[in-house]
Amino acid sequence: MYDHPKDFAHELAIQQILAKEYGVKNREDRIELWDHIIKFTYYEQYFAYEIQDSKGDSEARKQDSYAEQAWRKSGASFHNRVLKQLRRSERAEIDGGDYWLHVVKSETTPMKRYNTELEPMDDVEEFVLTY
């Protein structure tokens, strides 16, 4: 599947053309595409963190912060992906890493929902509008 809502919208546009112009029976496929599109939200993930020599160490070896924005279907999975990426980049806790990453502050903020310019066809309009 796709990682960006525009890819789903492009596929949906093709499916709607096939249904309208050529009579292709693809209602279930279009509902599935709408389901994916509707779930996308643009999130901002922020971490303030410290790198320590070992777990429970009172001295911070490094203090830093990191922010990233992306379209995702789930704020929790975005949070986990960014945290894992931070741990890898700081060589902390993963694969026998050298350091311990202590999260001081973490915020996952939904910024906006994805809006496509496509209008749902009559046979799926109720599904889209009641979501």
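A polar contact here is a pair of N or O atoms within 3.5 Å, where one must be able to donate a hydrogen and the other to accept it. Keep that in mind for the opening stop of this tour, and remember throughout that you are looking at a predicted model.

**Stop 1: Gln45 and its polar partners**

Select Gln45, which you will find in strand β1, residues 41–52. Is this residue buried or exposed? Gln45 is buried, with a relative accessible area of 0%, where the cut-off for that word is under 20%.

Now show the side chain of Gln45 and look for its polar contacts. One of them goes to the side chain of Thr108, at 2.3 Å. Another joins the side chain of Gln45 to that of Ser106, at 3.3 Å. Then switch on the backbone of Glu107: its oxygen lies 3.1 Å from a polar atom of the Gln45 side chain.

Widen the selection to everything Gln45 touches beyond four places away in sequence. You will pick up Tyr66, Ala67 and Glu68, then Phe78, His79 and Val82, and finally Ser106, Glu107 and Thr108. For a sense of scale, draw a distance from the C-alpha of Gln45 to that of Lys20: the two are 25 residues apart along the chain and 40 Å apart in space.

**Stop 2: Glu68 and Arg81**

Glu68 was among the contacts of Gln45, so to speak a signpost to the next selection. Add Arg81, and you have a salt bridge between the two side chains, 2.5 Å from N to O. Which elements does the pair connect? Arg81 sits in helix α3 (residues 75–89) and Glu68 in strand β2 (residues 60–72), so the salt bridge ties together parts that are 13 residues apart in sequence. The two ends differ in their surroundings: Glu68 is buried at 16% relative accessibility, whereas Arg81 is partly exposed at 32%.

**Stop 3: more charged pairs**

Side chains of opposite charge can pair when their charged atoms come close. How many salt bridges does a search of the whole structure find? The search finds 9.

Select Lys62, Asp64 and Glu90 together to see a network of salt bridges. Within this group, the closest N and O atoms of Lys62 and Asp64 are 3.8 Å apart. Both of these residues are partly exposed, Lys62 at 31% and Asp64 at 34%.

Next, move to Arg27 and Glu28, whose side chains form a salt bridge at 3.4 Å, N to O. Colour them by accessibility: Arg27 is partly exposed at 36%, while Glu28 is exposed at 56%.

**Stop 4: Leu86 in helix α3**

Go back to helix α3 and select Leu86. Leu86 is buried, with 4% relative accessibility. Leaving aside residues up to four places away in sequence, Leu86 touches Phe47, Tyr49, Tyr66 and Leu101. Take Tyr49 from that list: its C-alpha is 9.6 Å from that of Leu86, although 37 residues separate them along the chain.

**Stop 5: two nonpolar cores**

Now hide the polar side chains and select Phe8, Leu12, Trp34, Ile37, Phe40 and Tyr114. These have the most contacts inside the largest nonpolar core, which has 13 residues. The elements that give two or more residues to this core are α1 and α2 (27–39). Which element contributes the largest share? That is α2, with 5 residues.

Centre on Trp34 and show what it touches outside its sequence neighbours. The contacts are Leu12, Gln16, Thr116, Leu118, Glu119, Pro120, Val124, Phe127 and Val128. Apart from this core lies another, of 11 residues, among them Tyr43, Phe47, Tyr49 and Phe78. You have met Phe47 and Tyr49 already, as contacts of Leu86, and Phe78 as a contact of Gln45.

**Stop 6: out to the surface**

Turn on the surface and select Ile17, Tyr22 and Val24. Together they form a nonpolar patch with about 320 Å² of accessible area. Ile17 belongs to helix α1, residues 5–22, and is partly exposed at 48%.

**Last stop: Arg91**

Finally, select Arg91, in the loop between α3 and β3 (100–113). What is notable about its backbone is phi, near 55 degrees, a positive value in a residue other than glycine.

Conventions. Residues are numbered from 1 along each chain as its sequence is written. This is a predicted model: local features need pLDDT of at least 70, side-chain atom pairs count only at pLDDT 80 or more; totals for chains, interfaces and linings use all residues. Side-chain values use heavy atoms; hydrogens and water are left out. A salt bridge is a side-chain nitrogen of Lys or Arg within 4 Å of a carboxyl oxygen of Asp or Glu. Buried means under 20% relative accessible area, exposed over 50%, partly exposed in between (1.4 Å probe, protein chains only). Helices (H or I, at least four residues) and strands (E, at least two) are DSSP runs, numbered from the N terminus. Contact means heavy atoms within 4.5 Å. Patches are made of residues with over 30% relative accessible area and no salt bridge: like charges are joined within 9 Å, nonpolar side chains (Val, Leu, Ile, Met, Phe, Trp, Tyr) within 5 Å. Accessible areas come from the Shrake-Rupley method with a 1.4 Å probe; for residues, only the protein chains shown count as cover. A nonpolar core is a set of buried Ala, Val, Leu, Ile, Met, Phe, Trp, Tyr and Cys residues joined through side-chain atoms within 4.5 Å.
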